[in-house]
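Please examine the structure shown here. The questions that follow ask how its descriptions are justified.

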Amino acid sequence: MLNENPNKPLLETIELRKLFKLKGGSNLHAVDGINMKIYAGKTLGVVGESGCGKSTLGRTILKLLEPTSGQILFEGNDITNYSISKMRPVRKDMQIIFQDPYSCIDPRKSVIEIISEYMFIHKLYKSRVETFNKAAGLMDMVGLARRYANSYPHELDGGRRQRIGIARALSLNPKFIVCDEPVSALDVSVQAQNLNLLMDIQDELGLAYMFVTHDLSVVKHISDDIMVMYLGKCVERATSDELFANPQHPYTKALLAAIPKPDIRMRNKEFQLIKGEVSSPVNVKPGCRFASRCDYAVPECSQRDPDFVETSPEHFVACYIVNGR
Amino acid sequence: MAHTETQNILEIRDLKVIYKTDLEVVEAVNGLDLTIGKGKTLGLVGETGAGKTTTALSILKLLPSITGRILQGEIYFDGEDIIKKSENDMQSIRGNRISMVFQDPMTSLNPVLTVGDQIAEAVQLHNPDMSKEQIKERVAATLNMVGIMPSRSGDYPHQFSGGMKQRVVIAMALSCEPELLIADEPTTALDVTIQAQVLTMIRELRDRLGTSMLMITHDLGIVAQTCDDVAVMYSGIIIEAGTAEDIFLGDKHHPYTVGLFNSIPNLDVKSERLSPITGLMPDPTNLPMGCVFAPRCEHRMEVCLEARPGVYEEGTHKIRCYLFSEAPGNSKAGVNLNAE
Amino acid sequence: MNPQKYESTTVDSFKRPSQTKEIWRRFSKSKGAVIGFVLFSIIAIMLLAADFIIPYEAAIKQDFSQQLAAPSWEHFFGTDGYGRDAFARLLHGGRTSLSIALLATFSSAVLGSALGAISGYFGGKVDSFIMRSLDIFMSVPDILFTMAVVYALGANFTNLLFALTLAYFTNYVRLVRSQVLNLAEQDYVEAARAGGSGSARIILSHIIPNAVGVIIVNTTLNVAKIILYESTLSFLGLGMPPPQPEWGLMLSEAREFMRTAPWLMFFPSAAIVITAASINLMGDGLRDALDPHLKS
């Protein structure tokens, strides 16, 4: 698995944009110029609140949505304009795990059929029996008891359904998986079980993850690097430890401050609130998109998009106040 | 047994609630004891299926009429047992003396009525002699209180964002200045920065109006920031309760509480692996004999499987666990309705 | 990580109890469904065995001496205005009526569902084209349309089938389309695409099976309607050419004799009602049986 040059990214995006055309001609800037690199065996956490575009980003990278502009490079190949048929073999290497355990699997198929589906599509094994046996092996790997093989989704709880989705994603031996909020819909104790599973699998198979979530404590736990998104743009990127120790962008700081910590000694400290609501991603105006809510904003912030600058090794911030440009 | 002037706005004693269908009996609440002091906020913590929402609905007697039954217990609201009250009496309490805020603001508001009309409806229902002018003023004041411009009272719910909708819902709940506010996961569906705004607002309002609150949540962070007292619920009973200091700073805890704390990725310390609690909550149609948590507990002893543990008390801190208490409490968890 | 060790499983363990047995087991749990099935089977058997029960000639042999006879041992359901045995006409006519109705129902369901699924799944221009064509199509009243077809092509089994299919397929298009619009949003559809599945496979394997409940219910409702519609056509003289018996035709012929020989209306009506009801009962049971959501 680790036969790639560790210095070359497994997946890279260059100025990736995804715009949705709305009725009436306006554009929804879901993903607006994202540059990122993901390395084999590593996890990139993508954090942001609703409307920031993180889910759209995940789907666009996998070409489940057609990119509007920019490039996607997978193992050095430019897959941006690959047709459906050209993408097919590539799909074996890049997979996705969904958020909602209730809608991510077909309610009319049994567990073993769901996990085997991809293998049938790609005709990986000669016989049905062989395929089902491989699927059973995957069940073992994700900790699903084999007695569930012939069960239907509605007979299982959320945590187990998520595991079915994970087993399915692993069935083609991918190198890279987009995890789209895979534990957000689960109870706290089940979240922990599934997170451990994802990390164990990563260690064992050398997978790269793009872990999309709104939950900062979860992302810290599982990521090597973290990217903070706001309204389609990346506002800060750093290693996990560095981001939490030394957040620089006002939005990142606000996000961290907003989390209620399970520590009552901090109780009477006021939450440092960001005023207002997230502005609309439709027909955005030039300038920093966070400016209207930022306590530190100056007039220049609303005039030009701030540059994405490396303020310390491997730590990038897009903020006029921080960088002066 | 009538209670006179009391310190507690709400006292629940040995509440048992089931949902009965043709196929099965779901034991949702199994001998619950709960107390909320006047002006205090109690955090009711637990995961999905613990019975928190059922408890809240029971307080307001809003259980589904065909399937939900309160089998036994007493719910004292300001000294009076409301289980015994008639539907008419309950209607004058709901929205007026006890209000509830639900989790999903998307479905709590009627999409075809303006926000102003919906708040006015609540006000008018409990203040039949108010004039139109007075009602309008009250609506404006309520909107102001939650940080929404009164000029928006003519807007429809879809014109508001999620966070603003939840504020409207809270405004409606507080419009009649209730003595008790029940908030069922009020911020779970919101972004974390919006959640911070809404929680701050709830805190301010609660302080200003002196409202007592039952805050139902699974998030220990929210509990730490907003609650005076805490009760941890598992499979229909309270397994640990106390002040926030007892729960967060105390040295003795129920194994489930310990497991809950360990399941949360800690923002300050990065550990290699989390220590989740193995297994799942028991099936409420088939509860185990003895302690409900025993099947998953790593400290399980023989006695744990036989009878439900009694309560160990240390000041305000109560724990229902054989690790601390000697005597068994009530007999088998749950009532066997299917006995021959 | 320690994947738990399980006893090695053999191939057999992946075979679910055969699909049909499972479905039948769930089906037989519903009393209504079973009653419907039994009734329908009786009717179907009688109709299929019509030739053995009473010969076809009895259905068309005219005998004016026996006109409008009341039910008796000789003529179970009496005789009609031409002296023809009503029981024989009912049995032989039932074959025609029912087979046209069932075939027409089936073909209209297939045609309508296919169009609805394509329209809903692909959306965009395909959807617009199909829906607008449908609007134009539906603006012509059914009867006129059917009349036009039958006049143009002649009245025989195939043409009648064709006309009925065209009259009823529109029912399904809108219904299936709205189901599909909903289903296409589900994550498992996106998951299938992420696995490299093509559109045809997704529609056949994921979308149709999840929409089948709606289709079945609609289909069973339609059988009764088609039987009745067919009798309307017979009434208008657009049905199978005489002397071929048909339930609808029998009904329209019996109108004249409503006062004098009411049994002539009663038996065909009862036949239509019982057949339609039994199909409806079966349909509900079948829909529930195909739905894995119901707890066993």
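**Reasoning from the model**

Q: Among the chains of this predicted model, which pair shares the most contacts?
A: There are 2 pairs of chains in contact, and of these chains A and B share the most contacts. Here 34 residues of chain B are in contact with 31 residues of chain A. Helix 7 (192–209), helix 8 (220–226), helix 9 (244–249) and helix 10 (255–263) of chain B each supply at least two residues of that side of chain B. Helix 7 of chain B gives the largest share, 7 residues. By class, the side of chain B that touches chain A holds 16 nonpolar, 12 polar and 6 charged residues.

Q: How do you know whether chain B and chain C are joined or separate?
A: Two residues are in contact if their C-beta atoms lie within 7 Å. No contact joins chain B and chain C, and their closest C-alpha atoms lie 10 Å apart.

Q: What makes up the side of chain C that touches chain A?
A: The contact takes 25 residues from chain C and 34 residues from chain A. Helix 10 (187–194) and helix 11 of chain C are the elements that give two or more residues to this side of chain C. The largest share, 7 residues, comes from helix 10 of chain C. The side of chain C that touches chain A has 11 nonpolar, 10 polar and 4 charged residues.

Q: What pattern does chain C follow along the sequence?
A: Chain C has 13 helices and 0 strands. Its pattern is accordingly written α-α-α-α-α-α-α-α-α-α-α-α-α. The C-alpha trace of chain C spans about 90 × 50 × 25 Å along its principal axes.

Q: What share of the residues of chain C count as buried?
A: A residue is buried if 20 or more other C-beta atoms lie within 10 Å of its own. Of the 296 residues of chain C, 37% count as buried. Among contacts in chain C between residues at least 6 apart in sequence, 71% join residues at least 24 apart.

Q: Why are helix 11 of chain C and helix 12 of chain C called oblique to each other?
A: The axes of helix 11 (residues 199–235) and helix 12 (residues 247–254) of chain C come within 7 Å and cross at roughly 55°. Angles under 35 degrees count as roughly parallel, and those from 65 to 115 as roughly perpendicular. The crossing angle of roughly 55° fits neither range, and the two helices are therefore oblique to each other. The crossing of helix 11 and helix 12 of chain C is right-handed.

Q: Which residues of helix 11 of chain C meet helix 12 of chain C?
A: Helix 11 of chain C contributes C:Glu230, C:Ser231, C:Thr232, C:Leu233, C:Ser234 and C:Phe235, which meet C:Trp247, C:Gly248, C:Leu249, C:Leu251 and C:Ser252 in helix 12 of chain C. The residues of this contact divide into 5 nonpolar, 5 polar and 1 charged.

Q: Why do strand 2 and strand 5 of chain A stand at the edges of the sheet?
A: In chain A, 4 strands form an open sheet in the order 2-1-4-5, with antiparallel pairing. Strand 2 (27–38) and strand 5 (77–78) of chain A each have a single partner strand, so one side of each is left without a neighbour in the sheet.

Q: How do you know that strand 1 and strand 2 of chain A are paired?
A: Two strands pair if at least two bridges are found between them. Strand 1 (residues 11–21) of chain A is joined to strand 2 of chain A by 9 bridges, and the two strands run antiparallel. The pairing criterion is therefore met. One example is A:Lys18, whose bridge partner in strand 2 of chain A is A:Val31.

How values were computed: Residues numbered from 1 in each chain as written. Chains lettered and ligands numbered in written order. Predicted model: local features only at pLDDT ≥ 70, side-chain atom pairs only at ≥ 80, totals over all residues. Buried ≥ 20, exposed ≤ 12 C-beta atoms within 10 Å, placed from the backbone. Axes fitted to C-alpha atoms, helices over the stretch in contact; angles between N-to-C directions. Parallel < 35°, antiparallel > 145°, perpendicular 65-115°, else oblique. Left-handed = near helix turned anticlockwise from the far one by under 90°. Nonpolar A, V, L, I, M, F, W, Y, C, P; charged D, E, K, R; others polar.
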